[in-house]
Amino acid sequence: MQTPNRLPDDSGEKGLGSAPESNAKPTLNFIQEIIAKDLKSGKYDGRVHTRFPPEPNGYLHIGHAKSICLNFGLAAEHEGGLCNLRFDDTNPIKEEDEYVKSIIEDIRWLGFDWEDRLFYASGYFEQMYQYAVRLIELGKAYVCDLNAEQTRECRGTLTKPGKDSPYRNRSVKENLDLFERMRAGEFPDGLRTLRAGIDMTSPNLNMRDPVIYRILHAAHHRTGDKWCIYPMYDWAHGLEDSIEGITHSICTLEFENHRPLYDWFLEQLGVYHPQQIEFARLELTYTVMSKRKLLELVKEGYVGGWGDPRMPTISGLRRRGYTPESIRNFCRGIGMAKFNSVIDIARLEHSLRDDLNKRSPRVMGVLRPLRVVIDNYPEGQVEELDAVNNPEDPSAGTRKVPFSRVLYIEREDFREDPPRKFFRLAPGREVRLRYAYFVTCVDVVKDARTGEVVELHCTYDPATRGGDSPDGRKVKGTIHWVSAAHALTAEVRMYDHLFTKENPGEVEEGADFKANLNPNSMERITSCRVEPSVAGATPGSRYQFERNGYFCVDPDSSAETLVFNRTVGLRDSWGKIEKKLQQKKR
RNA sequence: UACCCGGUGGUGUAAUUGGUAACACACCAGGUUUUGGUCCUGGUAUUUCAGGUUCAAGUCCUGACCGGGUAGCCA
């Protein structure tokens, strides 16, 4: 018994309608409209049954997430709706079991469930073969002895019609015999093909007697050596959809020209006929989204693998610290169109921050430590100060943070010669140490040789314990800190866009997208200090390091060394001001 | 030069299907704030062009222009 797909319970769920991250009335995108119409007319007996059909030849990326959310979402928003997971594994040369595993893991992680409906195109190979036999018997398919090059020559061009293959008029009997012998392995790779007999003069190249079976003596990751002929996409895909009783077969735009063929096969065979609908694939600024290019980055070692935190893959985003919710919200918000568009990656980062802000416990962590001694604080004294865990969520409670005489603050929170609008620490200036005391910088210690600031001396005002001044005195800045004696040492990996250009494909003559790789897409900082409350944090745990950004514990982390990935920074308005000030100077 | 698809602010999508062009992101300005975060308020800016139908056109018609896809025994 099959039960409906359920969409994970996102707050503020409004269905897949475009745009409405807010309270806007839910509007239907063009696919939802088609489904609504079909439901009304009873076209598929009121059923909605979609499928997500990845080829296991690479890892899933954020573009796939759009399709996954679409297909599973469509099923979830209709009573009794179903969505299958189906591996489109018709090309053994490119496909591997490793990819199958990762795809399953990624879709699960995204929060979707196909229950018992996990299918493989390879599971239908026998049926597809029988359908091909039927097409031959119908006189609509023939075995062709042309090789690949000859086939291409015969096909004609975009502007010139093709010519009929000399083997087009073989008898049904001969075709049946030859096709059976193709299957039996009598011929080497490429010697013959089975082609549909349609129309070599069609303006749609896909209709010019497309190949539907090729000979490939290759082991398949699921069927092993059982087959040496494999179906082509156009033949296989519609049959897969038909066999599974799919109602709406959603694919990307480049298959638009294939729809006539999709329809033709099912019509000739007289079998159940789903409807193919095309939508625009997702593109993002500052990254690439083709499996081919991602594979290239992996194989040539530009990144650490498919799951490198800089990759737009699901596994990369996961390791980086993205939440499934943020990805789903993003996918819901970007809408659905019939033309290619490029979405600003800032939008993905926005849904990330939006989600992380609500759920991340706050913690203090210093990325680039600067030693501070509080001269008038008693040596050896330690105070446990109260800190709020999450201002967005009172139920998260508070924790104790140790304070002592020697602290670390962020190097960039001190300027010996502070520019205008710099509200942080400087000689003679008073700031608040978050949840602790007001401190005033009284001395700056520099390295005699390099002139580098190595230590600060401050005095604190005991009356400001907790961060409030009883006399109503105001400070412009509040900075984070850790107690030197209590802090944990950590490694932090900072990430930036993988490419320096919005459109990585925009390159000089002769160069390719890799010329736009960002040489600074990762920076490793090794002697960071974080407050002791994060001790023992396990991989995947997420925090906001106050004023710094969102971080998550990397799998490389161990009991000895904590390793964090910076998932995304906080919005940085001081950074913008500073940039502007610098531009004015020039 | 063939066929198919498509053009709404800087970006991505809406527009009760012929009736005041709206929402989000980004950007800018201000307010709140023990995170220069969050939150709140305000602002800039849009129907590719030319005709036509209509009381009324982003929406319908015609033409132009621009963009994308297609010549794998890949999917």
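Let us start at a single ring: Phe551 is buried, with 0% of its relative area accessible. Its partner Phe545 also comes out at 0% relative accessibility and so counts as buried. The ring centres of Phe545 and Phe551 are 4.1 Å apart with 15° between the planes, so this pair is stacked; the cut-off behind that word is planes under 30 degrees apart. Keep in mind as you rotate the view that this is a predicted model, so every value here is computed from predicted coordinates.

Now step back for the whole chain. Chain A has 586 residues, of which 53% count as buried. Its C-alpha trace spans about 100 × 55 × 45 Å along the principal axes. The secondary structure amounts to 13 helices and 27 strands. If you build a contact map and keep the contacts with a separation of 6 or more, 71% of them come from residues 24 or more positions apart.

Back to the rings. How many aromatic pairs does the model hold? The count is 25. One of them joins Tyr129 and Trp227, with 6.0 Å from centre to centre and 55° between the planes, a tilted arrangement. Why tilted? An angle of 55° is neither under 30 degrees nor over 60, so it falls between the stacked and edge-to-face classes. The two partners come from distant parts of the chain, 98 residues apart: Tyr129 belongs to helix 4 (residues 125-137), while Trp227 sits in the loop between strand 6 (211-215) and strand 7 (229-231). Is Tyr129 buried or exposed? Its relative accessibility is 6%, so Tyr129 counts as buried, and Trp227, at 4%, counts as buried as well.

This pair is part of a wider group. Ring pairs connect Phe125, Tyr129, Phe179, Tyr213, Trp227 and Tyr230 into a cluster. Tyr129 also has a charged neighbour: Arg183 lies over the face of its ring, 4.4 Å from the ring centre. Elsewhere in the model, Arg192 is placed over the face of Phe187, at 4.2 Å from the ring centre.

Tyr129 also leads us to a helix pair. Two packed helices are described by the angle between their axes and the distance between the axes. For helix 4 and helix 6 (residues 172-184), the angle is about 160° and the axes are 9 Å apart. Helix 4 and helix 6 are therefore roughly antiparallel, since the cut-off for that term is an angle over 145 degrees. The crossing of helix 4 past helix 6 is right-handed. Which residues meet between them? From helix 4 come Glu126, Tyr129, Ala132, Val133, Ile136 and Glu137, and from helix 6 come Val172, Asn175, Leu176, Phe179, Glu180 and Arg183. Look for familiar names in that list: Tyr129 and Phe179 are members of the ring cluster, and Arg183 is the residue over the face of Tyr129.

Next, a look at the backbone. Tyr286 is not a glycine, yet its phi is positive, at about 65°. You will find Tyr286 in the loop between strand 10 (282-284) and helix 9 (291-299), where it is partly exposed, with a relative accessible area of 22%. Lys421, likewise not a glycine, has a positive phi of about 70°. Its place is the loop between strand 17 (406-410) and strand 18 (430-433), and at 45% relative accessibility Lys421 counts as partly exposed.

From Tyr286 we can move on to Pro504, which lies in the loop between strand 23 (488-495) and strand 24 (522-530). Is Pro504 buried or exposed? With a relative accessible area of 3%, Pro504 is buried. Setting aside neighbours within four places in sequence, Pro504 is in contact with Tyr286, Thr287, Val288, Phe499, Phe513 and Asn516. By contrast, the C-alpha atoms of Pro504 and Ser360 are 33 Å apart in space, with their positions 144 residues apart in sequence.

Our last stop is Asp263, in helix 8 (residues 259-269). Asp263 is partly exposed, its relative accessible area being 23%. Measuring along the chain takes you 13 residues from Asp263 to Gln276, and their C-alpha atoms are 8.5 Å apart in space.

Key. Residues are numbered from 1 along each chain as its sequence is written. Chains are lettered from A and ligands numbered from 1 in the order in which they are written. This is a predicted model: local features need pLDDT of at least 70, side-chain atom pairs count only at pLDDT 80 or more; totals for chains, interfaces and linings use all residues. Side-chain values use heavy atoms; hydrogens and water are left out. Rings of Phe, Tyr and Trp (its six-membered ring) pair if their centres lie within 6.5 Å; planes under 30 degrees apart count as stacked, over 60 as edge-to-face and the rest as tilted. Helices (H or I, at least four residues) and strands (E, at least two) are DSSP runs, numbered from the N terminus. Buried means under 20% relative accessible area, exposed over 50%, partly exposed in between (1.4 Å probe, protein chains only). A charge sits over a ring if NZ of Lys or CZ of Arg is within 6 Å of the ring centre and within 35 degrees of the ring normal. Axes are lines fitted to C-alpha atoms, for helices over the stretch in contact, and angles run from 0 to 180 degrees between N-to-C directions. Angles under 35 degrees count as roughly parallel, over 145 as roughly antiparallel, 65 to 115 as roughly perpendicular and the rest as oblique. A crossing is left-handed if the near helix is turned anticlockwise from the far one by less than a right angle, and right-handed if clockwise. Contact means heavy atoms within 4.5 Å.
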